[in-house]
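User: I would like a close look at one part of this model, then a walk outward from there. Please keep it brisk.

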Amino acid sequence: SIDISTLTRQTGLTTIDSGFVNTASTRSAITFIDGEKGILRYRGYPIEQIAQKSSFLETAWLLIYGELPSASELDEFDTRIRRHTLLHEDLRRFFDALPTNAHPMSVLSSGVSALSTYYQDSLSPKDPAQVEISTIRLLAKLPVMAAYAHKKSIGQAFLYPDNSLSFVDNFLKLNFGTLAEPYEVNPVVSRALERLLMLHEDHEQNASTSTVRLVGSTEANLFASVSAGINALFGPLHGGANEAVLSMLGEIQASGEGVEKYVERVKNKEHGVRLMGFGHRVYKNYDPRAKLVKESAHEVLAALGVKDDLLDIAQELEHIALNDDYFKERKLYPNVDFYTGVIYKAMGFPTRMFTVLFAIGRLPGWVAHWREMNEDPATKIGRPQQLYIGSPARDFPAR
Ligand code: ACO
């Protein structure tokens, strides 16, 4: 057998694959997707069963360590995470330096990047004990920083984490609690948020996870790698789509032009308008996560007594698109982002927090991939080829 770099050198042949449509960068044992059939499994377990039976931290353990935890392993994992939620006081003040109107995703990626300045004792990807403690620190502190990004944007005081609460309830309290009044977690909101976070936990080599792996392939630390992943997730073609969907639904509502007119504009590719929350590189069938999110949207809005016209607009959009040849021919179906925004809005999150919620959900997947890559002896630094199309060699002008 001959390895791929030798073959490339010997033949001088390079494949160009813009967008990596058919280039696998790694083997992975974490997540399986069959995009044609609409199947998603974490470590072999169907996403539908995970969403129904598991919890966020149990699924995080499954993704990171490969098997479901025992009751005592899960308990210990949960306790360790609760014990690491506090941010260093200087890091709390770090948020003061950023402008109030900063996008919470920018605040989050800066905060995660700053973690490597506070935890210089756990930056080595080669030392298992350091990998372990940086995993716990990141899982514990990311939701706290995310909540501070929210509090900062609305000008409210930051709360300290309440470690008597579960992962999700603590996060809700940090976002919606105030110093003035006691805060009661609504169990409907809590369970629904937990379910949404679980649905986002991993999705194999998507743009942000590939970014985490690429940065990590240089042996960069976990905080630096995940901070890069957060920035990749920010874009509207990736995680930023959940925010873009709600803006799109709001625009349709405000314009009064009607859903059919909007769909026509999308089909005519007017000013690059796309149906946000539709289409996927891998799914050429209904995204299994979108199905579950759609069910949740109805349940949560009903349980909270919220009536939102945007949900009606979303359903009408979906109905029209699924029956239209443009979308049928291109196999464009709702993706996970299509209905999440309506739920997050009903829960009280501002639109600019939606992608931050995605980041909290995706964190275990990023960590699992970063660790899998570092444990794999076949890992090499990620370094794509290019086809040079610039000027041939020429002499610099005489001076
Ligand atoms: N609305 C309208 N047309 C679309 C859409 C859409 N949302 N998505 C793809 N198309 C069309 C393209 O215009 C293209 O048509 P053409 O051949 O006539 O030019 C065809 O479908 C194929 O599209 P590509 O851009 O080649 O598909 P690709 O796999 O590269 O893109 C992507 C996937 C980025 C997700 C795309 O579908 C998109 O932009 N969707 C909207 C943004 C979105 O919802 N992103 C979230 C993705 S899921 C996630 O990250 C969690």
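Is Gln 52 buried or exposed, and how many C-beta neighbours does Gln 52 have inside 10 Å?

Analyst: This is a predicted model. Gln 52 counts as exposed, because just 11 C-beta neighbours fall inside 10 Å, and the cut-off for exposed is 12 or fewer. Gln 52 sits in helix H2, which spans residues 47–53. Take Phe 77 for a sense of distance. Gln 52 and Phe 77 are 25 residues apart along the chain, and their C-alpha atoms are separated by 21 Å.

Now the strands. Three of them form an open sheet in the order S1-S2-S3, with antiparallel pairing. S1 and S3 (45–46) stand at the edges with a single partner strand each, so one side of each has no neighbour in the sheet. S1 covers residues 31–34, and S2 covers residues 39–42. Four bridges join these two antiparallel strands. Phe 32 has Arg 41 of S2 as its bridge partner. Asp 34 stands opposite Ile 39 in S2. The hairpin of S1 and S2 has four residues between the strands, and Gly 38 takes a positive phi near 75 degrees there.

The side chains of S1 alternate. Thr 31 and Ile 33 point to one face and are buried. Phe 32 and Asp 34 point to the other face and are not buried. In a regular strand, such alternation between the two faces of the sheet is the rule.

Helix H8 is next. H8 runs over residues 167–176 and is mostly covered, with nine of its 10 residues buried. Among the buried residues are Phe 167, Val 168, Phe 171, Leu 172, Leu 174 and Phe 176. The polar Asn 170 and Asn 175 are also buried, as is the charged Asp 169. The buried residues of H8 pack against four helices: H3 (56–65), H4 (71–83), H7 (128–154) and H9 (187–199).

Then the pair H6 and H11. H6 (residues 104–118) and H11 (residues 222–234) pack with their axes 8 Å apart, at an angle of about 170 degrees. H6 is therefore roughly antiparallel to H11, as the angle is over 145 degrees. On the H6 side, the contact includes Met 105, Leu 108, Val 112 and Leu 115. On the H11 side, it includes Phe 223, Val 226, Ile 230 and Phe 234. The contact residues divide into nine nonpolar, five polar and no charged.

Phe 234 deserves its own look. Phe 234 lies in H11 and counts as buried, because 21 C-beta neighbours lie inside 10 Å; the cut-off is 20 or more. Leaving out residues up to four places away in sequence, Phe 234 touches Met 105, Gly 239, Gly 240 and Thr 355. Thr 117 is another matter: Phe 234 and Thr 117 are 117 residues apart in sequence and 23 Å apart in space, C-alpha to C-alpha.

Last, the core. The largest nonpolar core holds 104 residues. Leu 108, Leu 138, Val 226, Ile 343, Val 356 and Leu 363 touch the most other members. Helix H18 (residues 354–375) gives the largest share of this core, 12 residues. Leu 108 also belongs to the contact of H6 with H11. Beyond its neighbours within four places in sequence, Leu 108 is in contact with Met 145, Ala 146, Ala 149, Ile 230, Val 356 and Ala 359. In soluble globular proteins, nonpolar side chains tend to be buried together.

Note on methods:
Residues numbered from 1 in each chain as written. Predicted model: local features only at pLDDT ≥ 70, side-chain atom pairs only at ≥ 80, totals over all residues. Core = buried A, V, L, I, M, F, W, Y, C linked by C-beta atoms within 7 Å. Contact = placed C-beta atoms within 7 Å. Pairing = 2+ DSSP bridges. Axes fitted to C-alpha atoms, helices over the stretch in contact; angles between N-to-C directions. Parallel < 35°, antiparallel > 145°, perpendicular 65-115°, else oblique.
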